[in-house]
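The following exercises concern one protein chain and are meant to be worked through with the structure displayed. Each task is followed by a stepwise solution.

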Amino acid sequence: MNFDWSPEQVAFRAELGAFADSVLPEHRAADPRHISSAEGVELSKWFVRELSDRGWLAPHWPQEFGGLDDTWRHIILGEEMWSRGEPRGPQYMNVNWIAPLILLAGTDEQKAQHLPRIRAGDVFWCQGFSEPEAGSDLASLRTRAVRDGDEYVIDGQKIWTSYAHVADFCFLLARTGPAGGRHDGISVFLLPMDRPGIEVREIPALAGEHQFHEVFLTDVRVPASCLLGEEGKGWRLVRQLLTYERVGSPRYAAAALALDELAVWARVNGVLDDPVVLRALGRARASCEVARLLTYRAMDDRAKRLPPGGPAYTARAAMVRAERDVATAAAATLGQSALEEDSIYERQLNSSMTAGVATGTYEVQLNLIARLCLGLPRR
Ligand SMILES: Cc1cc2nc3c(=O)[nH]c(=O)nc-3n(C[C@H](O)[C@H](O)[C@H](O)COP(=O)(O)OP(=O)(O)OC[C@H]3O[C@@H](n4cnc5c(N)ncnc54)[C@H](O)[C@@H]3O)c2cc1C
């Protein structure tokens, strides 16, 4: 088995990195990840357009839609972007899991409407899954969509919706079948966010300004053509989307960089010989490598078009572990300096906390691994 990158892949990574470094530092102050300002929105759009113009944005898409059918370029792009703070903001979600779902289940009309805009970088999406009573147990969601002639009428509430304040569309889950139907009777809608009856409210959060929102939907009317796939058969799409999302953010790349920064700090400050520090740094490095290799394992399945499965759950759990181990290493290495504002520890702690909840919690991933990978009984 050969784990090396090909010369072309090495060259692509270098080209991408050189480009990002040449354009990003001057914009860093805008902190585009939070997209809390008009400037952040424009930066994200501009950056994605630049990637798109160079043919780098969507290497994993099929060629007929402007991609290269190349999963490995896609992972290289993700690693280079995450290690630079993921400057695309919400747009990594558009390209990496919403568009692939539209490709999988969309009508020709939906593909023509959405894919060119996503590829051009001029549209923001959000993901309307979680509800006040439906987080880990997503299938108990209550937002309801009722067919009325050529339209659906949607009522309900979503919560924790990232980027809802700037989104043009929402990838929305709603119940179209009986409430007791669990996985049956859930449908996916490509909801334009400018419809009357949609209200977005920010939820103040320690994680940062404009991180989370509630979305209230009251008698929201959308054309029936907004339904993605078959009515009531959306759960299969949700599972597929979550598989892409679980391995869609190569957080280990950013964690590994923080670790390099820590090692330099340890050397400069003379604590590299401390066995506690060394052990913590070594453990964190191993965790980052495990997360990277398990992600590649999941990506290999994706490249071979295998159905979603175990590798994505283990990769995601390993990514959370890597983030947490780097935070622990930062505390061990920095000592009291860890308490300073914006220290590597503070940043890693923040990042590892959100990593362990967004996209489904760490504990729930472990349950899935126990049941689906190890065949243990459900309790
Ligand atoms: C940074 C961030 C961004 C997010 N963005 C979005 C978004 O854009 N769109 C969206 O829809 N949602 C989003 N979420 C919400 C996220 O998907 C949910 O928070 C997550 O699914 C958990 O649901 P919950 O908060 O309701 O917690 P709960 O499901 O209530 O869980 C509470 C605790 O109980 C534990 N628990 C629950 N069930 C089990 C079980 N069966 N076994 C063991 N432990 C269990 C959980 O692990 C957790 O520790 C985001 C969350 C974060 C942190």
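**Exercise 1. Classify the accessibility of Arg-73 and identify its salt-bridge partner.**

Step 1. In this predicted model, the relative accessible area of Arg-73 is 22%. Step 2. Buried means under 20% and exposed over 50%, so Arg-73 is classed as partly exposed. Step 3. The side chain of Arg-73 meets that of Asp-70 in a salt bridge, with an N to O distance of 3.9 Å. Step 4. The cut-off for a salt bridge is within 4 Å, and the pair of Arg-73 and Asp-70 at 3.9 Å satisfies it. Side chains of opposite charge can pair when their charged atoms come close.

**Exercise 2. Describe the contact between domain 1 and domain 3.**

Step 1. Locate the domains. The domain assignment places domain 1 at 7-123, domain 2 at 127-233 and domain 3 at 247-373. The centres of domain 1 and domain 3, taken over C-alpha atoms, are 23 Å apart. Domain 1 contributes 14 residues to the contact and domain 3 contributes 16 residues.

Step 2. Evaluate the buried area. Together the two domains bury about 1,200 Å², with 66% of this on carbon and sulfur atoms. On the side of domain 1, Trp-72, Glu-79 and Trp-82 lose the most area to domain 3, together 44% of what that side buries.

Step 3. Count the polar interactions. Between domain 1 and domain 3 there is 1 salt bridge. The side chains of Arg-305 and Asp-69 form a salt bridge at 3.2 Å, N to O. The interface also shows 3 residue pairs in polar contact, both residues being at pLDDT 80 or more.

Step 4. Assign the elements. On the side of domain 1 that touches domain 3, helix 3 (71-82) and helix 4 (91-105) are the elements that give two or more residues. Helix 3 gives the most, with 7 residues. The residues on this side comprise 6 nonpolar, 6 polar and 2 charged.

**Exercise 3. Determine whether Ser-249 is buried or exposed, and list what it touches.**

Step 1. Ser-249 is situated in the loop between helix 6 (234-246) and helix 7 (251-268). Step 2. Its relative accessible area is 9%, so Ser-249 is buried. Step 3. Excluding residues up to four places away in sequence, Ser-249 touches Trp-82, Tyr-92, Trp-97 and Met-319.

**Exercise 4. Characterise the surroundings of Gln-91 and Glu-80.**

Step 1. Gln-91 belongs to helix 4. Its relative accessibility is 1%, so Gln-91 counts as buried.

Step 2. Beyond its neighbours within four places in sequence, Gln-91 is in contact with Ser-44, Lys-45, Val-48, Gly-121, Asp-122, Val-123 and Phe-124. A polar atom of the Gln-91 side chain lies 3.2 Å from the backbone oxygen of Gly-121.

Step 3. Glu-80 is placed in helix 3. With a relative accessibility of 11%, Glu-80 is likewise counted as buried.

Step 4. Neighbours within four places in sequence aside, Glu-80 contacts Arg-13, Leu-16 and Gly-17. Its side chain makes a polar contact of 2.8 Å with the side chain of Arg-13.

**Exercise 5. Analyse the salt bridges Lys-158 to Glu-131 and Glu-323 to Arg-251.**

Step 1. The structure holds 20 salt bridges. In the bridge between Lys-158 and Glu-131, the closest N and O atoms are 2.8 Å apart.

Step 2. Lys-158 is in strand 3 (residues 151-158), whereas Glu-131 is in the loop between strand 1 (125-128) and strand 2 (144-148), so this pair ties together parts 27 residues apart in sequence. Both Lys-158 and Glu-131 are buried.

Step 3. Glu-323 and Arg-251 meet through their side chains in a salt bridge of 2.8 Å, N to O. This pair links distant parts of the chain, with Glu-323 in helix 9 (residues 310-334) and Arg-251 in helix 7, 72 residues apart. Both Glu-323 and Arg-251 are buried.

Step 4. Salt bridges with shared partners also join Arg-13, Asp-21, Glu-79, Glu-80 and Arg-84 into one network.

Key
Residues are numbered from 1 along each chain as its sequence is written. This is a predicted model: local features need pLDDT of at least 70, side-chain atom pairs count only at pLDDT 80 or more; totals for chains, interfaces and linings use all residues. Side-chain values use heavy atoms; hydrogens and water are left out. Domain bounds come from an automatic or database domain assignment. Contact means heavy atoms within 4.5 Å. Buried area is the accessible area (1.4 Å probe) that two parts lose on being put together, summed over both. A polar contact is a pair of N or O atoms within 3.5 Å; within protein, one must be able to donate a hydrogen and the other to accept it, and residues adjacent in sequence count only if both atoms are side-chain atoms. Helices (H or I, at least four residues) and strands (E, at least two) are DSSP runs, numbered from the N terminus. Ala, Val, Leu, Ile, Met, Phe, Trp, Tyr, Cys and Pro count as nonpolar, Asp, Glu, Lys and Arg as charged, and the others, Gly among them, as polar. Buried means under 20% relative accessible area, exposed over 50%, partly exposed in between (1.4 Å probe, protein chains only).
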